[in-house]
Amino acid sequence: MTERPSPTADTEQAAGVVVTGANAGLGLETARALAGTRRPLLLLCRDRRRGEAAAHGIRDEAAARTGMSSAPIHVVRCDLEDFASVREAAEEVRALCPRPAALVNNAGVYRARLERTAAGFERTMATNHLGHFLLTLLLEPDLRAAGSRIVQVTSKAHENGRLGRRPLDEILRGPADYRGFGAYSDSKLANVLFVRELERRWGADVIPIAVHPGVLASKIWDRNRTVAMWFVRRLTRFMRDPADAGRELAGIATAPEWDERGGAYVNLTEPVDPTLPEEPERLAAELWGRSAEAVGLAT
Ligand SMILES: NC(=O)c1ccc[n+]([C@@H]2O[C@H](COP(=O)([O-])OP(=O)(O)OC[C@H]3O[C@@H](n4cnc5c(N)ncnc54)[C@H](OP(=O)(O)O)[C@@H]3O)[C@@H](O)[C@H]2O)c1
């Protein structure tokens, strides 16, 4: 078995955790749960004001619960669909937290209608996959040196992803046959394939894990004003509490029992086989190459 450094082991000064989309929903709940372990936190948020509000809330809660101040919590501005912003954020993360215990790639969007970023990429794919791909690769030296967990939030919707149906470049830029659920599923399949390719390339050093957190009563359903979403919002009382999923995700990011689970796809807290298209290794390798070109990295 490969020996990997373990920044999740108990040490005098616990290593920090980086969480994207940490101001709302699952990301906020994961950060709240991690604050309970007294780890330094880096909240990567696209809006600094919303990030600072989340950080204040977490600090106040820690103080009320323990009577002590929390470990340091930093807000780093990071708009995942803007690759210049991701590059600036990565610099800041490297300065603040050079040996992260974990990077939790959580932020995500669902867009009912085709929208493109300023750089011309389809917004769901840019946020959910490309931004996280770039952030992770920019942090590579630190993640590998620290033996970090790389926890990529995906979804069971990956089962409906059909990345092989068209040239990947077309899918990354927004195909003419765009459908919201199809694009979301493609981005979540990209998340699963990214974790598999990370395990193949960097698996001797890091612990990449893809997680489906369950169907959550979060703000994701409020962000599209369509009839379908109106119906889905009526069902939120039957969905999981994001706080439960956040506690689980915090455990997967830091608990030692996940040390040997590199490359896994996890449904809530159970490692299971993902549903993948034919030739997943070829597709994962091609996706890595196309994503690197898209974000301006040499492979
Ligand atoms: N909800 C579910 O049922 C469910 C099921 C399976 C998987 N998931 C996955 O769980 C993750 C979290 O979703 P959620 O349900 O917690 O959704 P949410 O409540 O809508 O929160 C999404 C978070 O992502 C952030 N975000 C969106 N676009 C961003 C960008 N361009 N750059 C940086 N951050 C951005 C949001 O920031 P703002 O507040 O500034 O917009 C927010 O903090 C996503 O990856 C989602 O696909 C959710």
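Which elements do the buried residues of H2 pack against? They pack against H1, strand S2 (41-45) and strand S3 (73-77). Keep in mind that this is a predicted model. Let's step back to the whole chain, then come back to that helix.

**The whole chain**

You can count ten helices and eight strands in the chain. Its radius of gyration is 18 Å, close to the 19 Å that the globule rule gives for 299 residues, so the chain is as compact as a globular protein of that length. If you draw a box around the C-alpha atoms along the principal axes, the box is roughly 55 × 45 × 35 Å. Of the 299 residues, 48% count as buried. Now take the contacts between residues at least 6 apart in sequence: 77% of them join residues at least 24 apart.

**Two helices, side by side**

Here are H2 and H3 with their lengths and spans.

| Helix | Residues | Number of residues | End-to-end C-alpha distance | Expected span |
|---|---|---|---|---|
| H2 | 48-66 | 19 residues | 27 Å | 27 Å |
| H3 | 83-96 | 14 residues | 20 Å | 20 Å |

Back to H2. Its buried residues are Gly-51, Ala-54, Ala-55 and Ile-58. Why do they line one face of the helix? Looking down the axis of H2, you'd find the buried residues within an arc of 100°, so they sit along one face. There's a handy bit of background here: an α-helix has 3.6 residues a turn, so residues three or four places apart point the same way. Over on the other side of H2, you'll find Arg-49, His-56, Asp-60, Ala-63 and Ala-64, which are exposed. After H2 comes Gly-67, and its phi is positive, near 75°.

H3 can be read in the same way. Phe-83, Val-86, Ala-89, Ala-90 and Val-93 are its buried residues. Down the axis of H3 they fall within an arc of 105°, so they too line one face of the helix. Turned away from that buried side is a face that carries the exposed residues Ala-84, Glu-91 and Ala-95. What do the buried residues of H3 pack against? The list is strand S1 (17-20), S2, S3, H4 and helix H10 (280-295). So S2 and S3 turn up for the buried residues of H2 and for those of H3.

**A buried glutamate in a loop**

Now find Glu-81, in the loop between S3 and H3. Is Glu-81 buried or exposed? With 24 other C-beta atoms within 10 Å, Glu-81 counts as buried, because the cut-off is 20 or more. Leaving out residues up to four places away in sequence, Glu-81 touches Thr-117, Arg-123, Ala-126, Thr-127 and Gly-131. Try another pair too: Glu-81 and Asn-128 are 47 residues apart in sequence, yet their C-alpha atoms are 8.5 Å apart in space.

**Around the ligand**

Last stop: the ligand. There are 30 residues around it, and Gly-21, Gly-25, Ala-107, Gly-108 and Ser-218 come nearest. Sorted by class, this shell has eleven nonpolar, twelve polar and seven charged residues. Which helices each supply at least two residues of the shell? They are H1 (25-35) and H4 (123-138). H1 gives the largest share, three residues. Both helices have come up before: H1 packs against the buried residues of H2, while H4 packs against those of H3.

Key:
Residues numbered from 1 in each chain as written. Predicted model: local features only at pLDDT ≥ 70, side-chain atom pairs only at ≥ 80, totals over all residues. Near = placed C-beta within 6 Å. Helix = DSSP H or I, 4+ residues; strand = E, 2+ residues; numbered from the N terminus. Nonpolar A, V, L, I, M, F, W, Y, C, P; charged D, E, K, R; others polar. Expected span 1.5 Å × (residues − 1). Buried ≥ 20, exposed ≤ 12 C-beta atoms within 10 Å, placed from the backbone. Arc of directions from axis to C-beta. Contact = placed C-beta atoms within 7 Å. Rg over C-alpha atoms; globule rule 2.2 N^0.38 Å.
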